[in-house]
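Me: Hi! I'd like to talk through a model with you, starting broad and then picking at details.

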Amino acid sequence: MLLERTEYVVIATLQPAITLEWVSTSSDTFGTSAVFRWRTRDISTGHIVIQILRGNTVVYTFPNRTPNTDWVEETWVRVPPRGSFTIYAYWSGDPTINASLTGSIVANPMLSAIWYVNNAPAGTDITVERGTFVFARLTLHGSDQPLFWIASGVAVLYNPPSPPGYWDNYILDIPVNTTILGTYDFTAILENIARYLRMVVVADTSNAQVEVEWSGGNVFRYGQLAQARWRTRDTDISEQVELFYIHNGTRHVLGTVAPSTTWQPFSWSVIPPRGSLVMGAKLLIADREAVVAGTIAPDVEFNVRLTSSSSFFLSDPTAQFVFNISVNQSEHPIRVYRNGTLIQSFTPSGAWWDSQLFTWSDRPSAVGIYVYRFVLENENREFSFTTQVLGDSVLSPSVEIEWVGANTAVFGDYLYYRVRVTNSVSSAQVYYVRGSTELLLQTVPNDGNWHTYPFRVRPPRGTFALYARVTAHNLLEIIEGTAQAQPRLRVEPQFPLYMPENIPFRPEFLIFVHGSDRDVLIYENGALLERLTPPNDGYWYNSSYSWYYIDRVGTAERPIIYEFYLENERDANNQPIMVRVVVNFYRERQSDALLLERTEFVALSASEEPPEPSEDSYVRLFFVYKLYGTAVYFHVMGYSAVASYHRRTGASFLISDTRRMPARRYLVIETGGSRE
Amino acid sequence: MNFYRWRILTGPILFGLQAVFILRGLRIDHTLFTGGAIPVPLFRGVRPVYVAVDSALPAGYDIQYDYDAGTLTLYRWNGTDWVPANSITDTLNLRVLFIYETMRAS
């Protein structure tokens, strides 16, 4: 029922509005037209205001427009800055009736650069003679940013023309200076675009010439003087010569001098690194140069020697490994690696090693094997040494034997030797060795001390050896000595050598033998009577031997000759060593001769008893037998007289004045009564 | 330094009225001896009439007195003959008997 009572009322009202929309694209570059259109509804009074806003700022206001319900197109040319803009339209009758449209301005920078030589395009890399008219033509577009023109490191700023405040196919010509020879690089930068131009300014064409040649070789060591010479021809009056060298591609100017038509030397002292060396001269105005090429090739020397022992015991506090290092003509460092680890570096004090010789030592602190590598870096040269530090537990046993003093002596004399046994578990034995004979002489304690022992030289003569042995360690040391003979033979007959004939006597001799290992042969009238052999130790050494034979009887006609030989021994003159004893006999004895032979006479003054003698102070004549007589007569006679006197008087004793040689005078002793 | 040296062993011992015996020691140093004669001492200005050397000479050696020159000479047997010695291997200590005639000297 309620529904039926509802009254519907239709009310007609006005709804004013403004509509905006794009005709062109909303976003474009500087200078392009932003085209849009507008229309109104239910607006019949007032006018429409259209504005361009950048942010909140109104940058342009269109003339007032009459409201129009049909689409009306409007155009606005985009100007910097780049960014967004707003098209804003409102009704003057009620600004709340409005509309807006958003667009944007973007940059599209473009830059080209090209040389113009004598007003003609010539590319980007030109070579021109001095004084040529040259400018760079830059074409800029689509940017509101400044242009940077960089010439020889100096930047010049060009702002875009204003209006319109941006580059719009703008042509910018920048002239450059060509009065100075050289190479010039220019850079034009617009926003993120860079263009590069190069210009080389050269001198006018000339006939000037320059020559360069080496003075000597062209291969150099470090420190050597690289010498060249130069000369010029047909140069301009204002010409200058620049002398230079190029070391591994880097050019260095030595100086500038006036031209010369005669050869002029110039030089440079070579330094590392090795490689190429070019020396040259350049005509600055004519812009011509001449060069010679050489090589820096030092003859590298590197040597390392281990001058100490290659091993030592850790217990030795001063031991170390010592190396001698010599190096020459290299600029590179020496590295020392021990078991692969770098432990030392050496670098030359100057620019290179110049005949350096030095010593380096190292002492590892632990037992082990150490491999030292000495490397001359970059030279492919190295030395390697294997060394060892030993612990005390590996001391090696040793036995030493040596003579103390001489090693040569005569039979029976003593030589001395000494022996030392170290680090051994057992004692050493010393043997006398001669041929197959081996005789133990001594046992030497293994206490590490020297022990000195005598050795008595024994036959046979010649070289013998002493062996010092440690069987446990299989050690053997040998020294050699020489046994020599020094034979001597002396015989003293114990009976008179001048005796009456036909009276038995006993040939008894005292034989002294020394320094020989040979037998003594005894001959009587050429017949071998006996052979005496050396004592048990095989040689005679101050030996005294009493030898006698059965009683003999002699005759006056024939002396008995006893000869004693040391068998096969020779003296210094290569003569046999022998003694000859001749026993002579006489006949025609006096009647009292027998009595005389059995008489002892003592020459003493009757009243004088001799004091206890400390030495001989009197003369006593001893005879084998008692001598009885009332008087004793002494005569001194010559050889020619004594025989007849003796025969005539029967004088009892004849004492010759020599022992073995023919006597010149005899002392004749006779006893009895009156001489008459 | 002489290679020889004389030493008195006994003083003069008178024999009868005419002679004296004198026994002297003679030392010949082998390190200095290179040969040569040995003059004998005089007694009251005269030479001895008899000189004899004892048996201490080693084998192969002998000493002879030259009555004209008044000197002793050491000889060596070279195997065939007696020749003056110019070396000895050991120093010799000898005794030498001298007999001088005193009457004639006075």
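What follows is a short chat about this predicted model.

Me: Before we start, what are the ground rules?
Reply: It is a predicted model, so local features need pLDDT of at least 70, side-chain atom pairs count only at pLDDT 80 or more, and totals for chains, interfaces and linings use all residues. Residues are numbered from 1 along each chain as its sequence is written, chains are lettered from A and ligands numbered from 1 in the order in which they are written, and side-chain values use heavy atoms, with hydrogens and water left out.

Me: Cool. How many helices and strands does chain A have?
Reply: Chain A has two helices and 54 strands. Both are DSSP runs numbered from the N terminus: helices are H or I with at least four residues, strands are E with at least two.

Me: And what share of chain A is buried?
Reply: Of its 676 residues, 37% are buried. Buried means under 20% relative accessible area, exposed means over 50%, and partly exposed is in between (1.4 Å probe, protein chains only).

Me: What about exposed area and contacts?
Reply: Chain A exposes about 36700 Å², with 48% of that supplied by carbon and sulfur atoms. Those areas come from the Shrake-Rupley method with a 1.4 Å probe, and for residues only the protein chains shown count as cover. As for contacts (heavy atoms within 4.5 Å), among those with a separation of 6 or more in chain A, 63% are between residues 24 or more positions apart.

Me: Let's do sheets. What is the strand order in the open sheet of five?
Reply: In chain A the order is β43-β49-β48-β45-β46, with mixed pairing. The edge strands are β43 (498–500) and β46 (527–532), each pairing on one side only. From one strand to the next, the twist averages 20°; angles run from 0 to 180 degrees between N-to-C directions, with axes as lines fitted to C-alpha atoms, for helices over the stretch in contact.

Me: What counts as a pair there?
Reply: Two strands pair if DSSP finds at least two bridges between them. In general, strands of a sheet pair through backbone hydrogen bonds, either parallel or antiparallel.

Me: Which sense do β43(A) and β49 take?
Reply: They pair in the parallel sense over three bridges, with β49 covering residues 576–586. A:P500 stands opposite A:Y586 in β49(A).

Me: And β48(A) with β49(A)?
Reply: They run antiparallel, joined by seven bridges. A:I561 has A:V582 in β49(A) as its bridge partner. The two strands form a hairpin with five residues between them, and A:N574 in the turn has a positive phi of about 65°.

Me: How many bridges link β45 and β48?
Reply: Five, in the antiparallel sense, between β45 (residues 520–524) and β48 (residues 560–570) of chain A. There, A:V520 stands opposite A:L566 in β48(A).

Me: I also spotted an open sheet of four strands. What's its order?
Reply: That one goes β10-β9-β12-β15 in chain A, with antiparallel pairing. Its edges are β10 (120–121) and β15 (170–176), each pairing on one side only. Seven bridges join β12 (residues 134–141) to β15(A), and A:T139 has A:I171 as its bridge partner in β15(A).

Me: Switching to charges: how many salt bridges in total?
Reply: There are 32 over all chains. A salt bridge here is a side-chain nitrogen of Lys or Arg within 4 Å of a carboxyl oxygen of Asp or Glu.

Me: Anything back in that hairpin?
Reply: Yes, A:R580 and A:E563 meet in one at 2.8 Å, N to O. A:R580 lies in β49 and A:E563 in β48, so the pair ties together parts that are 17 residues apart in sequence. A:R580 is partly exposed at 40% relative accessible area, while A:E563 counts as buried at 13%.

Me: Got another pair for me?
Reply: Sure: A:E211 forms a salt bridge with A:R231, the closest N and O atoms being 2.9 Å apart. The pair links distant parts of the chain, with A:E211 in β18 (residues 209–214) and A:R231 in β20 (residues 225–233), 20 residues apart. A:E211 is partly exposed at 28% relative accessibility, and A:R231 is partly exposed at 27%.

Me: Last one: which residues form the nonpolar patch with A:V404?
Reply: A:Y414 and A:Y416 join A:V404 in that surface patch, with about 290 Å² of accessible area together. Patches are made of residues with over 30% relative accessible area and no salt bridge; like charges are joined within 9 Å, and nonpolar side chains (Val, Leu, Ile, Met, Phe, Trp, Tyr) within 5 Å. A:V404 itself lies in β34 (residues 398–404) and is partly exposed at 36%.
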